[in-house]
Structures are given as structure tokens and as C-alpha cells.
Amino acid sequence: MSEVIGARQPDAEETGRAAGGPRPAFTGSYQKLWLLLLFGWLVSYADRTVTGPVVAWMIHDKGGFIGSSAHPAALGGLIGSMFFTGYMLTQYAGGRLGDRYGHREMLVLSLLWAGVLTLVSGLATGLVVFVVARVLTGLGEGVFYSNDRVLVIEHTPPRRRTIGLGVAVSGLSIGLTIATIATPYMIDWGKSAGFGARAWSMPLYLFGAFSLLVGVATWLFFRARGDRPLRLGPPLLRLIGYSVPCAAAITALYLISDKAGWTAWETAIGSGVLAAVMIAFVVRDLTRTGRAKTLLTRDLWLLYIAFIAVMWNLWFFSYWSVEIVSEAAHSSLTSAALTAAFNAGAGIIGFPVGGWIADRRVRAGKGRKPLAITCAVVHTVLAVTFGISLQAGHPSLLLLGLILFTSGLFFNALQPIVHSILGDQVPDADRGAVFGVFNLIAEIGAVASPVVSGVLRDSTGSWAPGVYTAAGIMAVSVPLYALVRERIPGVART
């Protein structure tokens, strides 16, 4: 079922020109904006993806903080879940801060914050310090998503919005691919450079420095194309004030679980409780301020919950794919990384192509929902096929790479399609908040996926149960998408 939205109201630039008023907060080519945000996604995802290959190296070489653990996969997954707990807790706050202080400011802060904390992660001398650094990295990166999506939608013509969302977010796949392939080589470089047992820190140093460079470039880009200077101080103080108690709560959870001897599964439940508290807080705040009628509608709840499956599958395959391929095909870590990169690399094609096809349907007056359903169904089928290949034993790298690439095309095409549907559900002024709530709830999948999958691997001796779990969760999202009443922007049809 679809609903056509009436003609678009004049945007800030049009109104400003007509009234002789000030220019909007951003001027210039929207294609250049897409490219800039692509690089932001690239470094953001490289910074978070690097943890998986680093953990895999520690497991294989029995070194670092994890090598001596009796349950290394579960512990490695727990580290990933701690990161995503932090990442999740700033989703809504990031959108709200962007609506208040400026989406440009929040993007710059996110990139600079992530660069600094990734460098700090490489300096960590113990497991607790490493976990805290990764949690803080996640808290800073959590504000990027909602502000990026809003800028693309606000400054791109409606007829090209979905492809714009796809092009920008394709940086996600590039970052995943680079981090997956390059991390083993960077670790080898660290060994050659004399890092010894701390060779794992080399990729963190390199990716952290690259993030800082992109953050500075983003600041320069916006400063040259805005009607007002970027004021980073006030939003930085608010972000610090919000992040410190969140980091303290997550770190306390980790320390309590370690001292009490909790299993990784029990600690993951604790992360889930933190997530539930945050979601309850946000729902209460929206209800109290009268925004629930806009941001907590039936259709939005369907989209919020359905996207949990995307985050679950994204971080199951992104976090563990190198280890899965290495174990299944009995290959080296480097060969496994090259094979696993087919899944991430598919997004370089899938993201923009999914957006392009969706925009063509909208211009023809048709909905994007059938595309979303098709992508979710095909990914589910291919994920089950991947699990069967693992269970069959000794699959070839070619077969695993082919399945990962094909499933990745449809999986990544799904994301900008859903983002575009979501953005058209609310007024312009509420887009930062809606994307914040959306990713806050969806990140439940990212928090649970690494640790649950690691626990399943340690308890069963196989990665197949984790693959089937991911496929099953994606299958549940299909009827949820089918129930959404899509709204089609009328201006995009002209």
C-alpha cells in the first residue's frame, strides 16, 4: 500500500533566494557532498571493521588479549558487542544534536573523535583499556549515521535521493573491504617494523590517522561551502557529557561481568538491558514532548524493527567472515580475508544500483517496498545456501566467495531503499531524530550478533548455526516490510 505525498515545499535555498535572506547552511554540488560523505563512511567503517580481523589474528597466533582465552571466539564477539553497545547509545542523541547544532558539525566531530580513539585503541596495553577505547570509539561514531542521511536527503533533488543515499553509503562497503583485506598485511608490516607481539596495533594506527585526515578534509569542505562557520565547541561538550556516563555504564557492565565470571552470553544480556533502558528513555522523551505521533507511528515501528535483521547480518558477516572462511576452507588468514572481502565489496555495486532502481520506480509513481522485500528474500535464501556449504565440509574459496558476493549485492541494495522509505515518512525537521531512533533500535542486531554468533561457534564447533540464525532473522523482516504503508514523494514523479 502506498501514499503519494503532495508537492514539495520550497527548500531553504529557494526560500532564501526568494526573500533575499541568508544562504542555507550548505551550498554547492550535491554530488560532491555524496563523495565527501562516501569517504566519511569509508573511514568510519574501516575503524570499526578492523577489530574483527585483529581479533581473528589474535585467535590464530594465540597472542594479544585474546589468544590465551579458553573461549576466544566468545570473548572476541563480546568485544565487538561492547563497541556496538556504545555505537547504539548515541544514535538518537546524535540526531537530536544535529537538529539543534547542525548536521555538518556532528559529522566533523564524529570523524575526528573516531580517529583519535582508534589511535588510542592501538596504544592499549590491556584488555580492559582496549575495550574502553573501542566503546568510546563506538560512542563517537554513533552520531555519524543520522546526520549523514539527513544531509543527503536535504540537499539532493527528490528524484535522485535514493541513489544519493546509496552512493554515499557505498563508502561503508569500501571501508569494510579495505579493512578486511588490508588488516592482515598491515599486521605483517607491523611485524617487519619490529612491533613483535603488538603487531596487531599497526592497522589501528594507520586507520586512525586516515580518519583524522578525512575529518580535517570534511571540516575544510563545509567551512568553504557554508554561510556560517562551524562551531564545534558546544556540540562537542554536549557529546562528551552524554558519552561519559554511557561509557562508564558499559565499562562497569564489562568489569562486573569479568569479576563475577559471567559468560559472554550473560554479558550480552546485560548489554541488551542497557539498550532496552535507552530505548525506553527515548520513547518516554518522545511521548512527553508530543513527538511520538510523528516518530513512533505504526509504519515507523515496522521499519525500526525490520532493520534489526540488516544490522544483525551486516555485523555477523563483517565481523566474523574472515574467521568463518579461514576455518571452513582451511586457508590462511590472508586468503580468507580476500575471499570474505567479496561480501563487503559487493556493496560498492549494490548500494548505488539499489538506489538507482528505486529512484526509477518512484519517478514512475511506483513504490520502493517490492524492491526491499525482494532483496531481503534473496539474501535469506543465499545465506541459507552459505550455511549448507559450511555444513557440507571443505567448501572451496571460489564457492564461498561467489555466495558472499551475490548475497552482498542484494543485501546492500536493500539498505538505501529502506533509508529512502524511512526519510519520506516524516517532515523535514524530524529527519535527524527519525534516523536516530531508527538506528538506535536497529543496532540491537549489531550488539547481539557478534557475541551470540561467537557463543554458538564455541558451543557447537561450527559456524553454520550462526549463519542459519542470521538467515532466520532476515526472513522475519520480510513480512514486516510488506506491512509498511509507503509514502511516495509526488515531486519525484515529475
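Just after helix 21, glycine 461 adopts a positive phi of about 80°. This is a predicted model, and that glycine is a good place to enter it. On one side of the glycine in sequence is helix 21; helix 22 covers residues 464-483.

Take helix 21 to begin with. It has 17 residues. From its first C-alpha to its last it reaches 24 Å, close to the 24 Å expected at 1.5 Å a residue. Of its 17 residues, 12 are buried, so helix 21 is largely enclosed by the rest of the structure. The buried set includes Gly445, Ala446, Val447 and Ala448. Ser449, Pro450, Val451, Val452, Ser453, Gly454 and Val455 are buried as well. Arg457 also belongs to the buried residues of this helix.

Now cross to helix 22. It has 20 residues and reaches 30 Å from its first C-alpha to its last. That is close to the 28 Å expected at 1.5 Å a residue. Its buried residues are Ala464, Gly466, Val467, Ala470, Ala471, Met474, Ser477, Val478, Leu480 and Tyr481. An α-helix has 3.6 residues a turn, so residues three or four places apart point the same way. What do the buried residues of helix 22 pack against? Their partners are helix 14 (298-306), helix 15 (308-329), helix 18 (369-392), helix 19 (397-423) and helix 21 (444-460). Helix 21 is thus among the packing partners of helix 22.

Step back to the whole chain. It holds 22 helices and 2 strands. The radius of gyration is 21 Å, close to the 23 Å that the globule rule gives for 494 residues, so the chain is as compact as a globular protein of that length. Along its principal axes, the C-alpha trace spans about 65 × 45 × 40 Å. Of the 494 residues, 60% count as buried. Contacts also reach across the sequence. Among those with a separation of 6 or more, 84% join residues 24 or more positions apart. The chain exposes about 17,900 Å², and carbon and sulfur atoms supply 67% of that area.

Part of the surface is a nonpolar patch. Ile348, Ile349, Val353, Trp356 and Ile357 form it, with about 420 Å² of accessible area together. Two of its members can be followed more closely. Isoleucine 349 sits in helix 17 (residues 347-363). Its relative accessibility is 43%, so it counts as partly exposed. Valine 353 lies in helix 17 too. At 38% relative accessibility, valine 353 counts as partly exposed. This valine also has a neighbor from another part of the sequence. Isoleucine 163 is 190 residues away in sequence, yet the two C-alpha atoms are 7.3 Å apart in space.

Turn next to the charged pairs. The salt bridges come to 12. One of them joins the side chains of arginine 96 and aspartate 285, at 3.1 Å from N to O. Arginine 96 belongs to helix 5 (residues 91-101) and aspartate 285 to helix 12 (residues 264-288), so the pair ties together parts that are 189 residues apart in sequence. The two ends have unlike surroundings: arginine 96 is partly exposed at 33% relative accessibility, whereas aspartate 285 is buried at 11%.

Another bridge links arginine 161 and aspartate 424, whose side chains meet at 3.4 Å, N to O. Arginine 161 is in helix 9 (residues 161-192), and aspartate 424 is in the loop between helix 19 and helix 20 (431-442), so this pair ties together parts 263 residues apart in sequence. Are its two ends buried or exposed? Arginine 161 is buried, at 11% relative accessibility. Aspartate 424 is buried too, at 6%. The bridge also belongs to a wider arrangement: Arg161, Arg368, Asp424 and Glu486 are linked in a network of salt bridges.

A further bridge joins aspartate 299 to arginine 298, with the closest N and O atoms 2.7 Å apart. Aspartate 299 counts as buried at 7% relative accessibility. Arginine 298 is partly exposed, with a relative accessible area of 41%. Here the path returns to helix 22: helix 14 (298-306) is one of the helices that its buried residues pack against.

Note on methods. Residues numbered from 1 in each chain as written. Predicted model: local features only at pLDDT ≥ 70, side-chain atom pairs only at ≥ 80, totals over all residues. Heavy atoms only, no water. Patch = residues over 30% accessible without salt bridge, like charges linked within 9 Å, V, L, I, M, F, W, Y side chains within 5 Å. Areas by Shrake-Rupley, 256 points an atom, 1.4 Å probe, with all protein chains shown as cover. Salt bridge = Lys/Arg side-chain N within 4 Å of Asp/Glu carboxyl O. Helix = DSSP H or I, 4+ residues; strand = E, 2+ residues; numbered from the N terminus. Buried < 20%, exposed > 50% of the residue type's maximum accessible area, 1.4 Å probe, protein only. Expected span 1.5 Å × (residues − 1). Contact = heavy atoms within 4.5 Å. Rg over C-alpha atoms; globule rule 2.2 N^0.38 Å.
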